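Welcome, and thanks for taking a look at this one with us. Please open the sequence and the model side by side before reading on.

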Amino acid sequence: MSILAGIGWHMVGAASAASFYAPIEKVKRWSWETTWAVAGFFSWILLPIGISYLLLPHFGAFYASIPSDVLWKVALFGAMWGVGNVNYGLTMRYMGMSLGIGVAIGVTLVVGTLVPVFMNGQAGMLFTSTSGRFNMAGVIVALLGVAIVSYAGHQKEEQLKTGEPTEFNVWLGLGLAVMCGIFSSGMSFALNAAGPIKQAAENVGVIHLYSTLPAYVFIMGGGAIVNMAYCFTRLAFVRKISLKRDLAEPGSTLAKNAAMAACGGIMWYLQFFFYAWGQANIPDRLSYVNWMLHMSGYVLFGGIVGLALGEWAGVTSRPIRLLWVGILVIIAAANLVGLGLAAG
């Protein structure tokens, strides 16, 4: 039941990740940079600090007790993830959404899942144990599902002629997507490196279900520095956009935009809130499957959310059938991982 709960919470977090951009798309007459900064204030700063402040009996003293090298490592991996976030937009620009997401998520899934295994000296168990073999099969099947969903999305874009990049460059886009995937996996590395923070949280009375959350202060703090620097640098130096101009909109527009951006930011944070709940239900020795479950769930729910929002309206049946095949393949991958966890 614990394993089923873990997979279930990972799917809840993935659904939140797949949906977070829906309210952000409702922001009108603001630059993307202002919108992203407002959403980021909630997701990377306010919620991680606020929730950790409520969880920890002595907020400042707790972080002062953590070795500085641990905090630096976690923050730097968070900054690495932040670079991946910035690179994400460039990937979409040169490769299109479906192909770009497919390559970026595929690389992130593999790198973020397998590199921590090698870093922790667990590589042998992937091939010598029943659980490891099931989990490796799950990773491979998940990649197949991501590829099918991405191809279906590309077929949709071809038919609707929407979402195509104006500066399509497959080789540049492919390089950016791979770099995005590698850097975005910094979140997985940060969570792997945050073990001492998690243990320290439990030592001061934070229950296991919530003990990963205090690490987000530094993980997302590192990412926030990179993303905020990117946004405010562009707002300061790019002529087409201006923070002052965005904030000069009428009060009703400001209130609606701020609410929608905040909602998107909260939903983004909730993906990792529930990721922590999923992780808490997965045995530590098999913790490498957490990232695979999250990223494959991201693609799965991204397809479902797209259908629900009518993004596939007007598309012929073949791409939609392909989408459902990809979704079923990803569900099969999650079941393989579940069998591997049960066998472990």
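The report below goes from the overall fold to the surface and charges, and then to a single residue.

## Fold and dimensions

A good place to start is the source: this is a predicted model. Its secondary structure is quickly told, since the protein chain has 16 helices and zero strands.

How does the radius of gyration of the protein chain compare with that of a compact globule? For 344 residues, the globule rule gives a value near 20 Å, and the protein chain has 20 Å, so the two agree. Along the principal axes, the C-alpha atoms fill a box of roughly 50 × 50 × 35 Å.

## Packing

Of the 344 residues in the protein chain, 52% are buried. Sequence separation adds to this picture: among contacts with a separation of 6 or more, 84% join residues 24 or more positions apart.

## Surface and charge

The protein chain exposes about 15,100 Å², and carbon and sulfur atoms supply 70% of that area. As for charge, the protein chain carries 18 positive and 12 negative charges, and the mean positions of the two sets are 3 Å apart.

## A look at S19

Now for one residue to find in your viewer. S19 belongs to helix α1, which covers residues 2-19. Is S19 buried or exposed? Its relative accessible area is 18%; S19 counts as buried because the cut-off is under 20%.

What does S19 touch beyond its neighbours within four places in sequence? With those set aside, S19 is in contact with M267 and V305.

Definitions and conventions
Residues are numbered from 1 along each chain as its sequence is written. This is a predicted model: local features need pLDDT of at least 70, side-chain atom pairs count only at pLDDT 80 or more; totals for chains, interfaces and linings use all residues. Side-chain values use heavy atoms; hydrogens and water are left out. Helices (H or I, at least four residues) and strands (E, at least two) are DSSP runs, numbered from the N terminus. The radius of gyration is taken over C-alpha atoms; the globule rule is 2.2 Å times the number of residues to the power 0.38. Buried means under 20% relative accessible area, exposed over 50%, partly exposed in between (1.4 Å probe, protein chains only). Contact means heavy atoms within 4.5 Å. Accessible areas come from the Shrake-Rupley method with a 1.4 Å probe; for residues, only the protein chains shown count as cover. Lys and Arg count as positive and Asp and Glu as negative; His and the chain ends are not counted. The place of a charge is taken as NZ of Lys, CZ of Arg, CG of Asp or CD of Glu.
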